[in-house]
Amino acid sequence: MKYILFQVLLFTSIFTFAQNELKITGTIFNQKDSKINQPIDVYLFDSENHLIKSTITQDAKFEFNHLNSGNYHIQISSEESIQNEKPFLLEKDAELTIIYHPKTQEIQEVTIEEKRKNFSVENGNITLEIANSPLNKLPTSIDLLSKLPFIRVDANGEGLNFVGKGVPLLYIDNQRVDFTTLSGISVEDIKSVEIIRNPSVKYESEGKAVIKINLKKSRKDGSQLSISETAMFQKKFSNYLNANFQHKKNKTEWKLNAAYNQINHWESNGFDYQVPSENIKSDYIIKSITKRPQTIFGGSFYQQINENDYVTLSVNANFRPDVGDNNTVTNYSENGNFNHIKTLNHQNSSRATFNSIFNYNKKLTEIDANIFTGLQYKRESKNVDYDFYNDINNSGYLFNQFRNQHYSGNVYSGRIDVEKKFGEKYLMELGGSFTTAETKTDNKTNYSETLPIEYFKYNFRESNIASYLNLGSTFNKWQFKGGLRMETTRAKGFDVVENSTKIERNYIDWFPNAEITFEQDDKKTFTLNYRKSISRPNYSNLASGGLYGSPYVEYVGNPDLIPTYSNTVSFAMNINKWSLNASVYSSKNPMGYTLVYDENSHISKFTMVNFEKELGANVGLDYPFNWKKWSSQNSLSLNYDKTEDSLAILKKSTPYLYFSTNNTVVLRKYLSFLLDGSYITKRVEGLYEGNAMCLVNLGFTSSVSDFDFTFRYNDVFRQMDYIQQMTYQKITSKGTFFGNTPTLSIAVKYNFGKLRKSNYKENTVNENSNRL
């Protein structure tokens with residue numbers, strides 16, 4: 001209780017300065033000095049004629065917030081005409097009066113041909129506009145992320161990694177989600193993606209980087225239906241069918257989406273390993289070929305109460321059975337005795353995810369403050385039946401064991417965020433949240449021999465109460481921001497069969513964040529940032545039930561995992577279009593996968609463990625390039641990472657290069673050529689040693705009437721194989737994770753109907769859902 005009271009006192013006991021954010025308010029009158037009653041579109045452009053923001057008048061009034069000083073001009077538009085106002089310099093909050101002259105510029109059709117700023121960098125964070133770029137034509141959101149700078153998708157297509165920063169947090173709008181939820185988002189709904197290398201404490205303390213996907217917010221009434229069909233040829237053929245429907249009238253808007261993806265999943269990995277102390281040498285390759293039909297449903301409702309107040313409700317569900325065979329071929333030698341084993345595993349799995357969110361936002365205009373509240377519930381379940389058969393030295397397959405595994409998790413969460421302005425120079429953000437998670441793991445293993453049936457029942461509970469305070473101010477060309485987040489966490493893991501508590505932890509964590517920015521002029525900005533963060537293990541990794549790979553290898557969880565704490569200092573410099581960034585970090589108890597030899601069972605277990613520490617540094621350059629009909633977005637970084645552990649044999653760490661590029665060449669008005677790729681050099685990171693990879697992807701995209709056509713050929717040089725070598729405890733291993741490439745995809749998309757005037761919004765509640 002005292003910790004909760006302390007967090008409440010935190011909101012009122014700390015005071016510092018907040019950042020300067022300017023705003024523009026205005027009223028539109030007609031020529032008779034009467035307010036315009038009908039809604040009018042208002043657009044705000046910067047000095048380079050780039051669209052910054054847009055809104056719709058309410059009672060003839062409009063407002064633009066969170067603006068920097070600079071030159072702007074306003075354009076107002078209705079079905080009758082377009083009217084441009086004179087440019088002006090914004091140095092403090094401005095209140096405008098505009099006289100609207102209807103039909104001063106009669107139009108039948110307007111075609112805007114502008115090279116939009118699809119790639120921008122601010123304070124080291126990258127923003128990519130998706131809606132107006134060829135990336136909008138990609139077949140899936142996973143494919144989209146794989147083409148973004150510094151983002152690497154796992155070889156099996158079911159996980160993300162940020163170069164030099166590990167696993168990033170994933171947000172859709174302001175809602176934290178997991179990888180499963182992301183797979184249900186249509187690329188058609190994505191407006192932009194932010195790659196946030198320096199997140200504030202408002203983004204929650206977990207992870208060293210954030211990938212934020214911003215969905216489109218249409219402004220128009222009406223209805224629209226979009227249907228897309230993608231045929232994808234990899235090692236196996238898969239088909240993706242997606243439909244999105246949106247309807248808006250006045251202040252009410254709702255959306256529906258549904259997808260049926262007939263996925264023929266292929267996945268493979270293999271390890272060569274040695275245990276010298278036991279005179280063991282072995283190698284194995286496991287390959288999985290399963291049918292994974294995926295059914296996705298989603299719906300959302302948005303009700304605008306007045307100009308700034310709104311209510312949202314959204315639900316989505318993802319159902320994914322997974323049926324097929326896993327085959328393992330093992331060569332095993334111990335003390336000179338050699339065995340060749342083929343293991344057959346019949347898999348029958350079903351997985352379901354359900355997520356729901358409720359948001360309420362209230363603007364307190366009399367005190368210039370905003371309050372957001374929300375509730376969220378998520379459930380995930382997975383049931384798997386396995387039949388295992390072994391063929392030893394070509395003697396024929398014999399039944400070995402049967403495993404039945406059940407896993408389920410529920411997460412309940414809520415939050416409140418308050419934003420308060422103090423004049424023109426100061427802003428305070430504070431908030432609190434709670435999260436309660438419950439997971440259950442129930443496994444049974446039945447052997448063919450006289451061994452007794454093994455039962456494993458594990459219950460895990462975790463509760464987290466957090467509060468944060470974010471403040472800052474602006475003095476001339478300097479901006480100062482400071483934040484502090486406090487979290488109290490209680491976790492308990494109980495083994496039902498052994499009737500013993502495996503985990504019992506109660507701890508308090510503090511997560512500070514500070515940032516100083518110097519803006520010399522509108523083309524030169526310098527930023528220094530510090531942040532402390534945490535990475536917690538997924539709930540499923542805390543349960544020790546596992547997958548039988550062969551008589552000598554199992555894939556298991558680890559109940560002894562503890563969180564990883566990291567401290568990061570970063571620097572960013574923007575000069576014209578060039579952006580230079582650098583950072584250094586240190587982590588305690590970093591998590592990673594490895595093979596561990598179990599002397600009691602005499603088998604090797606592939607599991608996640610905590611190493612002792614990790615150090616790293618990087619320096620990078622981001623640069624967009626445009627020339628005639630060619631546009632290019634490029635990122636280059638020099639990285640150094642080192643993972644250490646007293647149980648491992650370390651090699652001398654070496655720096656490595658990473659380069660990412662995304663290019664579009666407009667061949668004709670409705671036809672574009674696409675070239676993108678990434679390159680990472682061979683690297684030694686203390687404990688780990690990784691291979692070099694050069695990924696090159698080609699494509700064409702075309703739009704004809706309401707049809708979009710896309711042709712893609714990914715991984716031209718077939719480099720999508722991850723190789724990792726290490727020596728940990730008694731095992732020296734070399735693991736290879738084979739990529740499901742090359743990939744040929746053909747996509748067709750068609751849009752029905754049109755929309756006019758919409759303001760859909762959605763914010764986060766649950767910040768721990770991805771741990772399921």
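When I speak of a contact in what follows, I mean heavy atoms within 4.5 Å of each other. With that settled, let me turn to V193 in this model, which, I should say at once, is a predicted one. If we set aside the neighbours within four places in sequence, V193 is in contact with I126, T127, L128, I130, L144, L148, I211, K212 and I213. V193 also belongs to the largest nonpolar core, which has 32 residues, and within that core V193, L148 and I151 are the members that touch the most others. Apart from this core there lies another, of 18 residues, and L67, I76, F88 and L90 are among them.

Let me step back to the whole chain. Its secondary structure comes to 3 helices and 46 strands, and of its 772 residues, 52% are buried. If we take the contacts with a separation of 6 or more, 66% of them are between residues 24 or more positions apart.

Now to the outside, where the chain exposes about 35400 Å², with carbon and sulfur atoms supplying 55% of that area. In soluble globular proteins, nonpolar side chains tend to be buried together. On the surface of this model, however, there is a nonpolar patch of about 900 Å², made by W254, L256, F301, I305, L313, F358, Y360, L375, Y412 and F434. The elements that give two or more residues to the patch are β19, spanning 252–275, and β22, spanning 337–364. As for L375, another of the residues that make the patch, its place is in strand β23, which runs over residues 369–392.

Technical notes
Residues numbered from 1 in each chain as written. Predicted model: local features only at pLDDT ≥ 70, side-chain atom pairs only at ≥ 80, totals over all residues. Heavy atoms only, no water. Core = buried A, V, L, I, M, F, W, Y, C linked by side-chain atoms within 4.5 Å. Buried < 20%, exposed > 50% of the residue type's maximum accessible area, 1.4 Å probe, protein only. Helix = DSSP H or I, 4+ residues; strand = E, 2+ residues; numbered from the N terminus. Areas by Shrake-Rupley, 256 points an atom, 1.4 Å probe, with all protein chains shown as cover. Patch = residues over 30% accessible without salt bridge, like charges linked within 9 Å, V, L, I, M, F, W, Y side chains within 5 Å. Salt bridge = Lys/Arg side-chain N within 4 Å of Asp/Glu carboxyl O.
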